[in-house]
Amino acid sequence: MAVKEVKPEALSDVSQIQSFEREAVQMSKLRPHDHVITLYGVCQDPLSIVTEFATGGGLDEWLKKHHADASDKQLMTITLGAARGVAHLHAEGIVHRDLAARNILLGDNDKPKVSDFGMSRVDEGEDANETRTRVGPLKWMGPEQMLHQQYSKMSDVFAFGVLMYEIFAGKEPWEGLANTAACHKVLSGERLPAPSRMPPAVAELMSLCFLAEPEKRPTMDDCCRDRKSVV
């Protein structure tokens with residue numbers, strides 16, 4: 001088991017408590033899935049969330065240590081597993097809003113599990129596109145989030161495209177650039193290039209995830225189907 005505890009100094013921070021409560025509520029409502037971290041319980045003293053323990057740690061750290069030695073099949077398996085986890089969240093009506101390698105945990109045999117629901121929200125259908133927020137990691141945001149603070153399942157898809165880049169490049173997006181410079185590139189129409197290790201079919205899928213118009217991007221179910229032939 002793993003315990004995510006609210007630090008004592010954060011107990012007086014309303015936003016921290018709200019984030020914690022939101023994560024606990026979202027996780028408690030989810031049906032179990034192989035590629036989503038499992039909630040075991042919530043404790044009040046100390047205020048904490050108890051989840052399954054991911055033996056492989058965070059995907060971001062795993063990539064730093066193992067990317068060079070990982071096989072293409074390993075990278076594809078992690079990518080597909082993460083896609084299935086996000087697709088499950090969307091099927092459950094949840095928009096994650098913070099998809100990135102740092103929020104993918106690896107279980108036994110490096111099985112990826114989507115985690116960290118502190119920024120997630122319930123999808124309210126078409127109204128979700130009218131929901132505005134200024135929070136989120138800029139280098140993973142789609143243009144509609146940067147310009148209009150709008151999020152939806154399709155903004156998750158854009159972030160998933162960035163996650164694919166992280167997995168196959170083995171590094172963070174727009175490395176070495178300030179957030180504002182990265183935003184300018186995306187708003188100017190520039191996108192992250194396909195890493196050399198990325199199979200052509202996956203590179204094409206990533207480019208579709210990066211389309212400026214959210215409604216033209218593939219769904220997460222599409223992402224799962226599109227990659228089965230290359231795993």
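In which hand, right-handed or left-handed, does H3 pass H5 in its crossing? I would like to start from that question, and I should say at once that what we are looking at is a predicted model. The crossing in which H3 passes H5 is right-handed, and I will spend the first part of this talk on that pair before turning to two individual residues.

Helix H5 covers residues 153-169, while H3 runs over residues 72-91. The two helices pack with their axes 10 Å apart and at an angle of about 165 degrees. Because angles over 145 degrees count as roughly antiparallel, H3 is described as roughly antiparallel to H5. On the H3 side, the contact is made by Leu75, Met76, Ile78, Thr79, Ala82, Ala83 and His90, and on the H5 side the residues are Lys153, Asp156, Phe160, Leu163, Met164, Ile167 and Phe168. If we sort the residues of this contact by character, 10 are nonpolar, 2 are polar and 2 are charged.

Staying with H3, let me move to Ala87, which also has its place in that helix. With a relative accessible area of 10%, Ala87 is buried, because the cut-off for that class is under 20%. Setting aside residues up to four places away in sequence, Ala87 touches Met220, Asp221 and Cys224. There is also a relation to His35 to point out: Ala87 and His35 are separated by 52 residues in sequence, and their C-alpha atoms lie 9.7 Å apart in space.

The second residue is Gln145, which lies in helix H4, residues 143-148. Gln145 also counts as buried, at 12% relative accessibility. A polar atom of the Gln145 side chain lies 2.8 Å from the backbone nitrogen of Gly142. Leaving out the neighbours within four places in sequence, Gln145 is in contact with Gln150, Tyr151 and Ser155, and Ser155 falls within the range of residues, 153-169, that belongs to H5.

Let me finish with the chain as a whole. The protein chain has 8 helices and 8 strands, and of its 231 residues, 48% are buried. What share of the contacts with a separation of 6 or more comes from residues 24 or more positions apart? For the protein chain, that share is 67%, and with that figure I will stop and take comments.

Terms used. Residues are numbered from 1 along each chain as its sequence is written. This is a predicted model: local features need pLDDT of at least 70, side-chain atom pairs count only at pLDDT 80 or more; totals for chains, interfaces and linings use all residues. Side-chain values use heavy atoms; hydrogens and water are left out. Helices (H or I, at least four residues) and strands (E, at least two) are DSSP runs, numbered from the N terminus. Buried means under 20% relative accessible area, exposed over 50%, partly exposed in between (1.4 Å probe, protein chains only). Contact means heavy atoms within 4.5 Å. A polar contact is a pair of N or O atoms within 3.5 Å; within protein, one must be able to donate a hydrogen and the other to accept it, and residues adjacent in sequence count only if both atoms are side-chain atoms. Axes are lines fitted to C-alpha atoms, for helices over the stretch in contact, and angles run from 0 to 180 degrees between N-to-C directions. Angles under 35 degrees count as roughly parallel, over 145 as roughly antiparallel, 65 to 115 as roughly perpendicular and the rest as oblique. A crossing is left-handed if the near helix is turned anticlockwise from the far one by less than a right angle, and right-handed if clockwise. Ala, Val, Leu, Ile, Met, Phe, Trp, Tyr, Cys and Pro count as nonpolar, Asp, Glu, Lys and Arg as charged, and the others, Gly among them, as polar.
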